[in-house]
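Okay, hi everyone, thanks for having me. Let me put the structure up, and then we'll walk through a few spots together.

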Amino acid sequence: MNNVLAVDIGGTHFRVGLFDEGGRRLLVSEGDTSREDGRDWMLDEIRGRARELVEKTDRPVKACGASFGGPVDFDRQRVLSVHTPGWQNFALGEWLERTLGLPSRVDNDANCGGLGEHRYGAGRGAGSMVYVTISTGIGAGIIIGGRALRGRDNLAGELGHIPVSESGALCSCGAKGCLETFCSGNAIADRGRDWARRRPESIDRVLEISGGTPDQVTARSVVLAALEGDSVARSIVQESARWLGRALLTVIRILDPDRIVLGGGVALAGSVLLDPVRDTMREFGSPSIGYSTEIVLAELENYSPLYGAAAMALDLAGQPETGSTA
Ligand SMILES: [Zn+2]
């Protein structure tokens, strides 16, 4: 039995994993991404951890798949990210092949997350599926017939940057009124910090989880407090869910997919997010144009992109179907 390597380079965490040809995760080495230390530090970490994992198996390692948390030119196997200094136009695919001596393939985290959920998670058996990742920002991986729809400029599925409001705040992409400014980890953290500054007594549990000061409030602390039942934290997540619900109706109207899978850190809020998403879709949906698309939570949690990277590596190694669908 052969193994493959999978790499997930995210804005806050990175992971290197060893998978078998059935798509089972054997070993994972992970850490926090240090933006200050830059690209070369990250590449050193990936190289070192990949070599450690390869040394721990006596089976041949055949290929490597990688997920990058930002836009990727799939045809040229280059990173297009402008937000992460040092990465723009970096030939990550070629670097992996040269460094690891393995056939390698890179795609963005939304497409990888979609591939991972489609093959090993909540998207199993779906002919068409949209994986929506709600973390720092929002992205989508559109999977049709087991393959990611990339589009002319590799920008298909940039769900976070669809315009949803005329009065929206400036988005990280430079546009105004993008979905991401209302519904994303950043939007939730901003709203949490705003509450913490204006009415700290109303959001004391969020502050407690965060470490005490408004500046320390993160999307994660808001989501955790919401899960504990904190009413303000729940309302913050619910407000994002309403924006998301309307955006998902748009996705359904365009693609009419079998299934939409919600993943990323914010989706760990579970029903606190999913229930108001469904309510909003009912509220704003048309009584005369129905839909039967299922809206479900990701099953692989934070590991969806890593599993997708493993799926790409297995395809590259010529073992696409082994143990794929259950
Ligand atoms: Zn935008």
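Let's start with one pair of residues: Ser67 stands opposite Asp107, which sits in strand β7. Keep in mind as we go that this is a predicted model. Ser67 belongs to strand β4, residues 61–68, and β4 is joined to β7 by five bridges, with the two strands running parallel. If strand pairing is new to you, strands of a sheet pair through backbone hydrogen bonds, either parallel or antiparallel.

Now stay on β7 for a moment. How many of its five residues are buried? Five of the five, so β7, residues 104–108, is largely enclosed by the rest of the structure. Look at which way the side chains go: Ser104, Val106 and Asn108 point one way, Arg105 and Asp107 point the other way, and all are buried.

Okay, zooming out. The protein is divided into domain 1, which is 3–116 plus 302–316, and domain 2, which is 125–298. Their centres, taken over C-alpha atoms, are 25 Å apart. The contact takes 14 residues from domain 1 and 17 residues from domain 2. On the domain 1 side, β5 (72–73) and α3 (109–120) each supply at least two residues. Which of them gives the most? That's α3, with six residues. By class, that side of domain 1 has five nonpolar, six polar and three charged residues.

Next, another sheet. Here five strands form an open sheet in the order β10-β9-β8-β11-β12, with mixed pairing. At the edges you'll find β10 (147–148) and β12 (294–297), each pairing on one side only. β12 pairs with β11, residues 259–263, in the parallel sense over four bridges. One bridge to point at: Ile260 has Ile295 in β12 as its partner.

Last stop, two residues with an unusual label on my slide: positive phi. Gln77 has a positive phi of about 55° although it isn't a glycine, and you'll find Gln77 in the loop between β5 and β6 (78–79). Glu301 isn't a glycine either, and has a positive phi of about 50°; Glu301 is in the loop between β12 and α9 (304–316).

So, buried or partly exposed: what about Gln77? Gln77 counts as buried, because it has 20 C-beta neighbours inside 10 Å, and 20 or more is the cut-off for buried. Glu301 has 13 other C-beta atoms within 10 Å, so Glu301 is partly exposed.

That's my tour, thanks for listening!

Key:
Residues numbered from 1 in each chain as written. Predicted model: local features only at pLDDT ≥ 70, side-chain atom pairs only at ≥ 80, totals over all residues. Domains from an automatic or database assignment. Contact = placed C-beta atoms within 7 Å. Nonpolar A, V, L, I, M, F, W, Y, C, P; charged D, E, K, R; others polar. Buried ≥ 20, exposed ≤ 12 C-beta atoms within 10 Å, placed from the backbone. Pairing = 2+ DSSP bridges.
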